[in-house]
Amino acid sequence: MAIFRTNASHHQRAKRTLLFALLFFTPFSASCQSPLDAAITVTPFQSQLTASPQPPSDRFVAAHGRQGFIAGYASTGLEAWVYPFQIFKNYRVFFHHPGTTDSIAAQTLLTKIEYRPDSITRIYQASGFTVREKLFVLLDSPGGLITYSVESKSPLQIELHLTPGMGLMWPADLAPTSSHWNDSLRAFILQESTHNYAALISSPQFSPQTFHPDSNQATPANTELALTLQPNNAGEATIAWVLSVPEKSANTFKNPNAQLSFRYRELLQNRKSLELASINHYKALQEDILQIQTPDPVVNQAILWSDLALDQAWSCNVSLGCGYLAGYGPSRIERRPQYAWFFAGDGLVSADGALSAGDVTHARQELEFILRYQDKKSGMIWHELTQSASLIDWANKYPYFFAHVDTTLQFISFVHQYVVQSGDIDFLHHHWPAIQLAYHYASSLINPQTGLPQIPAGKEGGNEQTRMTDDLGLSVSWIDAAASFSSLADLMGDPSASNEAAASSLRARAKIQPLYWSESNSFWISGHTINGALFEEQHSGPASALDLHLFTPDAEEKILNRIASPDFLTPWGIRSVAVNSPGYSPTSYAQGSVWPVNTAAWAQTFYAAHRSATAYSIWRSLIPLSTFDSAGHIHEVFAGNAPVPQAQSVPEQSWSSAAFLSATFHSLLGIEVDALHNQLTFAPHLPADWPTLSLRHLTLGSHQLNLQLTRIPNSLLLKIDNPGPAFHLRYNPELPLLAHKLTAMQNHEPVQCKVENFPQSTIANLSLAIPTGTTEIQIQFTQSK
């Protein structure tokens, strides 16, 4: 996978009634009343995009914990993971009335799914009974459980079909595992060949009739089991799974089975408190992060759930450490649940989203996780790290660890952004030698003739589909990385390193227009192939080339016009390749498909170019994507010719949610934080139908502040609640187009206010000192008729 900002079997869908509802801890619901009912209860914008939403049985679900997850589609079954092992797969449910011969497949009765931050509940309904199935994964421990609540007029049994095993996550493997029955625990014990790890699948409600006389004998790996749950007198049944891991300290348990027994009994005894702990975690998260409230509940829902999705992507592997996973999806090939492992580039995008939400802690921890596996000799930042890496020779026997050269450059740029936005100088001082080493590696890529990076043999830039010598995205990343390193060296008191990096960045800037502009196409050139030929595909990335103003103003206008044309622009986002490009393939992974991460980047670029109307439509196209499949999460990639996920797309892609948060923060809200200089930029682009906007817990250095923006006739009122020290504010709100005769007041005292007019926007410019306490800033204007 590659960051698009610098480069850039499909499920059947049927018309059913869908209901999406969200208040915090009022769950998302995806429901269907009848196969014949084609009504759609969604917002008008969503109904335009999703004319035939999939029924609940075709929706992805995932319950997440730090050490594992359970996920899948009803049609193909669930799989459960405790990193780095897949505990079981192909989990399917059937219902059976004792005394009858027929079983009913649960997926045919699935009428509603409730998506909550802490759990997933699937509701099955039939004549005479209702079953609620709750999927829950422990927040900080290796295990999870599924709870069934049955309301039935007659006795009902739950039949489970699943394939247990202890397969390591791709590409690792151990000798085949086996399972055996432990009668005292009423559990299947799974054991891998080294006897360092063991897992348990158990239920107090397992029916004795499930097992054969020889059930104490080992069962071969990949054998499907058919189990029966007999609900208790309260109509409840639970199935649980836990994993034992090698202990680093002195042995607390005599063997893995003793550890399993302890974990399992603890899980059953403390189930309610463990569920409450997860609920309280997400409540606390909502209180701590940046809270954005608009008049549009659909927007509020998308923002909040993107925050939650990012937190759900935070994962801890007991052997590797903690970092952001790239996403959650089904294992399309053996034991490869795309993308529930680590990518440094994806992690940087996720850390940017976390930083936008005010989660400085996870942003720093992600950077330190990335540095933990930096190549200490070359300085190169790694690309991909599987959950099973500690059990195999990942670095030497597989080609994925250090595959992408662009990640190192992006890392340097984000370190600079992190330090400026957080004010965390301690991080810079502590990791300066590693940052210098990363810059040394980046510098080693530079072609002395052009001053731009070249892709070494056997490595990749941002384009994974075509072998390139150089690409525009990589060159843009170098310009930004060198400028960022220059600023970091300044902070470290190293003027020599700062001057060298600044000069390298300036030299590279001067080469972009001559090397990457096509006069005949009036569009940029994406790069050159390994034989030196121009790469003819017209790609929509990198948007950041325009943010850095690397082309002439005339060229920038032509690029923006082209991106905003039907060649690239769709109602659901920006195509990766133009429709009239030679290799355009709308259903491919990256040759014309629509990536939300790329769409979010272009929303930022169009806002920065003061094309607010276009920018808002691009940003707004991301909103319905968060309820398309796994409610609250955004797919990795959509087709270029229809608003449907591309066949390889990951339904819960972390950087899609993170990029939406970053675009909201940096572009729609226009927020830039400079904690080093105690300065805040607030340049909001309030849509015409939003009379208000409120921000709570906006982090500026070591304190937080609240902003309330209110639109009143011919006036814009900003109220600031600042409990911390005084700070400098650059206030650049968008006003009605061609507004004039501006006057501005700060706490009823006049202040200077300037205005800039652009074809799609009118911007006020104020520079103000904001004291501790409450401040009101009012801009009055006359609107053009």
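This is a guided walk through some strands, helices and side chains of the structure above. Keep in mind as you read that the model is predicted.

Let us begin with strands. Strands of a sheet pair through backbone hydrogen bonds, either parallel or antiparallel. In a regular strand the side chains alternate between the two faces of the sheet.

A good place to see this is strand E12, which covers residues 178–182. Ser179 and Trp181 point to one face and are buried. Ser178, His180 and Asn182 point to the other face and are not buried. The partner of E12 here is strand E13, residues 187–191, and five bridges hold the two together in an antiparallel arrangement. If you want to find one matching pair, look at Ser178, whose bridge partner in E13 is Gln191. E12 and E13 make a hairpin with four residues between them. In that turn you will find Arg186, with a positive phi of about 50°.

Now compare strand E11, residues 157–168. Which of its residues are buried? Here twelve of the twelve are, and the strand is mostly covered. Its side chains still point two ways: Gln157, Glu159, His161, Thr163, Gly165 and Gly167 go one way, and Ile158, Leu160, Leu162, Pro164, Met166 and Leu168 go the other. Both sets are buried.

E11 has neighbours that you can trace on the model. Strand E5, residues 85–96, runs antiparallel to E11, and nine bridges join them. Across this pairing, Lys89 stands opposite Thr163 of E11. Strand E15, residues 225–229, also pairs with E11 in the antiparallel sense, this time over five bridges. There, Ile158 is found opposite Leu229 of E15.

Let us move further along the chain, to a sheet with several strands. It is an open sheet of seven strands in the order E17-E34-E35-E36-E43-E39-E40, with antiparallel pairing. Why do E17 (291–293) and E40 (749–751) each have one side without a neighbour in the sheet? These two strands stand at the edges and each has a single partner strand, so one side of each is left without a neighbour. From one strand to the next, the twist averages 20°. Inside this sheet, seven bridges join E35 (residues 703–712) to E36 (residues 715–722), and the two run antiparallel. Asn706 has Asp721 in E36 as its bridge partner.

Another hairpin is made by strands E32 and E33, again with four residues between them. Strand E32 spans residues 671–674 and E33 spans residues 679–682; four bridges join them, and they run antiparallel. The bridge partner of Asp674 in E33 is Gln679. Asn678 sits in the turn and has a positive phi of about 55°. E33 also pairs with strand E37, residues 727–731, through four bridges, and this time the strands run parallel. In E37, Arg730 is the bridge partner of Thr681.

Next come the helices. Helix H6 takes in residues 360–372, which makes 13 residues. From its first C-alpha to its last it reaches 18 Å, close to the 18 Å expected at 1.5 Å a residue. Several of its residues are buried, including His362, Leu367 and Phe369.

Two packed helices are described by the angle between their axes and the distance between the axes. Helices H8 (residues 406–422) and H9 (residues 425–444) pack at an angle of about 155°, with their axes 10 Å apart. That angle makes H8 roughly antiparallel to H9, because angles over 145 degrees count that way. The crossing of these two helices is left-handed.

One more helix to visit is H13, residues 553–563, where Asn561 lies. Asn561 is partly exposed, with a relative accessible area of 44%. Asn561 and Pro399 are 162 residues apart in sequence, and their C-alpha atoms are 40 Å apart in space.

Finally, how many disulfides does a search of the whole structure find? There is one. It joins Cys316 to Cys322, with 2.1 Å from S to S. The link is right-handed, with 115° about the S-S bond. Cys322 is partly exposed, at a relative accessible area of 29%. Another cysteine, Cys753, counts as buried because its relative accessibility is 18%, and the limit for buried is under 20%.

Definitions and conventions: Residues numbered from 1 in each chain as written. Predicted model: local features only at pLDDT ≥ 70, side-chain atom pairs only at ≥ 80, totals over all residues. Heavy atoms only, no water. Buried < 20%, exposed > 50% of the residue type's maximum accessible area, 1.4 Å probe, protein only. Pairing = 2+ DSSP bridges. Expected span 1.5 Å × (residues − 1). Disulfide = S-S within 2.5 Å. Axes fitted to C-alpha atoms, helices over the stretch in contact; angles between N-to-C directions. Parallel < 35°, antiparallel > 145°, perpendicular 65-115°, else oblique. Left-handed = near helix turned anticlockwise from the far one by under 90°.
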